[in-house]
Amino acid sequence: MKIAVVTGASSGIGREFVKQMGHFYRDLDEIWVIARREHRLLELNQLSRVPIRILEGDLLEEEVYEKLEKLLQEEAPDIRMLVNGAGFGKSGTVEEILKEDPKTQLEMIGLNCTALSRVTFCCLPCLSRGSRIIQMASAAAFSPQPAFAVYAATKAYVLSFSRSLGAELKSRGIYVTAVCPGPVDTEFFQVSGQLENPLKKLVKVKAQGVVRKALLDSRRGKDISVYGLPMKCAHTASKLLPHRLILKLMNPG
Ligand SMILES: NC(=O)c1ccc[n+]([C@@H]2O[C@H](COP(=O)([O-])OP(=O)(O)OC[C@H]3O[C@@H](n4cnc5c(N)ncnc54)[C@H](OP(=O)(O)O)[C@@H]3O)[C@@H](O)[C@H]2O)c1
């Protein structure tokens with residue numbers, strides 16, 4: 001059985017992957033979708049060309065991994081594509097976020113780094129030649145970001161992990177793509193706090209374009225997918241300018 005696995009499929013970018021994937025990969029038998037809100041996952045049956053299998057659960061808890069591992073063992077599927085889309089951010093300084101809730105930043109590391117890695121580890125034995133992994137990183141991975149410090153650090157982890165893993169898996173013919181968008185119009189900002197920076201508001205894009213480009217870049221075997229001119233410029237600038245200077249520009253005080 002040929003399948004795709006998508007975490008964070010109940011909204012935003014993950015949900016868009018489920019919508020578009022069936023058009024890119026016509027021989028998929030099922031898409032296995034993971035998130036906490038089951039009612040949202042059920043809605044995917046109407047949006048997807050491919051039958052959906054729901055694994056409802058919290059990726060910060062043990063249970064969902066047990067479910068996934070058991071299913072992988074029982075069905076021994078050929079995972080043609082893994083999309084790690086689950087993730088969240090929180091704006092504010094480290095101290096402000098700590099005051100609001102001491103657990104938030106640790107949970108961010110838990111979901112964005114540990115859960116993404118663990119789902120990847122679970123799925124690795126079921127990938128075969130031509131399989132793809134898409135990891136949701138962010139343009140926040142390109143440089144340190146005061147007032148988004150832990151989030152940017154988690155995404156730097158995702159970008160670095162993806163590139164190294166991609167290099168390791170190349171000989172098996174498996175491609176890993178880190179997707180690095182700037183602001184995307186999703187429910188992300190309901191959790192992170194609304195965008196206040198006018199420049200970031202201006203460059204906000206729709207999930208459709210980001211996902212389409214990510215699927216095309218993954219098909220082409222690219223290790224990184226950056227959507228839109230502003231983020232391409234940010235990516236180039238982050239490679240040319242010293243991070244000390246970028247930090248000064250972002251945090252003039
Ligand atoms: N939107 C942006 O501006 C932007 C920019 C760059 C990168 N990204 C990254 O893109 C990815 C998708 O974000 P999005 O914009 O699509 O945000 P979103 O609409 O808020 O989607 C986040 C997804 O993660 C799932 N999730 C959150 N906590 C979870 C948990 N503990 N266990 C299982 N699933 C959990 C949510 O499902 P449930 O709530 O149902 O569990 C939801 O499906 C994230 O990694 C984000 O960091 C987003």
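**A guided tour from the central strands to the ligand**

Select strand S4, residues 78-84, as the starting point: this strand is mostly covered, with six of its seven residues buried. The model on display is a predicted one.

**The neighbours of S4**

Next, add strand S1, residues 2-7, to the selection. S1 and S4 run parallel and are joined by six bridges. To see how they are matched, display Val5, which stands opposite Leu82 in S4.

Then select strand S5, residues 127-136. S5 and S4 also run parallel, here with five bridges between them. Display Val83 together with Ile134 of S5, since these two residues are bridge partners. While the side chains are shown, one general point may assist: in a regular strand, side chains alternate between the two faces of the sheet.

**The whole sheet**

Widen the view to the full sheet. In what order do its seven strands lie? The order is S3-S2-S1-S4-S5-S6-S7, in an open sheet with parallel pairing. At the edges are strand S3 (52-56) and strand S7 (224-225), each of which pairs on one side only.

Select S7 with strand S6, residues 175-179: two bridges pair them in the parallel sense. Val179 has Ser225 of S7 as its bridge partner.

**The ligand**

Now centre the view on the ligand and display its surroundings. There are 30 residues around the ligand, and the closest are Ser10, Ser11, Arg36, Tyr151 and Thr186. Three distances to ligand oxygen atoms may be inspected in turn:

- Ser11: a polar side-chain atom lies 2.6 Å from an oxygen atom of the ligand.
- Gly8: a backbone N or O atom is placed 3.0 Å from a ligand oxygen.
- Gly85: a polar backbone atom is 3.4 Å from an oxygen atom of the ligand.

**A lysine in helix H6**

Select helix H6, residues 149-169, and within this helix display Lys155. Which side chain of opposite charge is nearest to Lys155? The nearest is Asp58, 15 Å away; Lys155 is buried yet has no salt bridge. Leaving aside residues up to four places away in sequence, Lys155 touches Asn112, Met136, Ala137, Ser138 and Ala141.

**The loop between H7 and H8**

For the final stop, select Gly193, in the loop between helix H7 (188-192) and helix H8 (198-202). Is Gly193 buried or partly exposed? Gly193 is partly exposed, because its relative accessible area is 28%, and buried would require under 20%. Finally, draw a C-alpha to C-alpha distance from Gly193 to Arg172: the two are 21 residues apart in sequence and 41 Å apart in space.

Notes: Residues are numbered from 1 along each chain as its sequence is written. This is a predicted model: local features need pLDDT of at least 70, side-chain atom pairs count only at pLDDT 80 or more; totals for chains, interfaces and linings use all residues. Side-chain values use heavy atoms; hydrogens and water are left out. Buried means under 20% relative accessible area, exposed over 50%, partly exposed in between (1.4 Å probe, protein chains only). Helices (H or I, at least four residues) and strands (E, at least two) are DSSP runs, numbered from the N terminus. Two strands pair if DSSP finds at least two bridges between them. Lys and Arg count as positive and Asp and Glu as negative; His and the chain ends are not counted. A salt bridge is a side-chain nitrogen of Lys or Arg within 4 Å of a carboxyl oxygen of Asp or Glu. Contact means heavy atoms within 4.5 Å. A residue is near a molecule or strand if one of its heavy atoms lies within 4 Å of it. A polar contact is a pair of N or O atoms within 3.5 Å; within protein, one must be able to donate a hydrogen and the other to accept it, and residues adjacent in sequence count only if both atoms are side-chain atoms.
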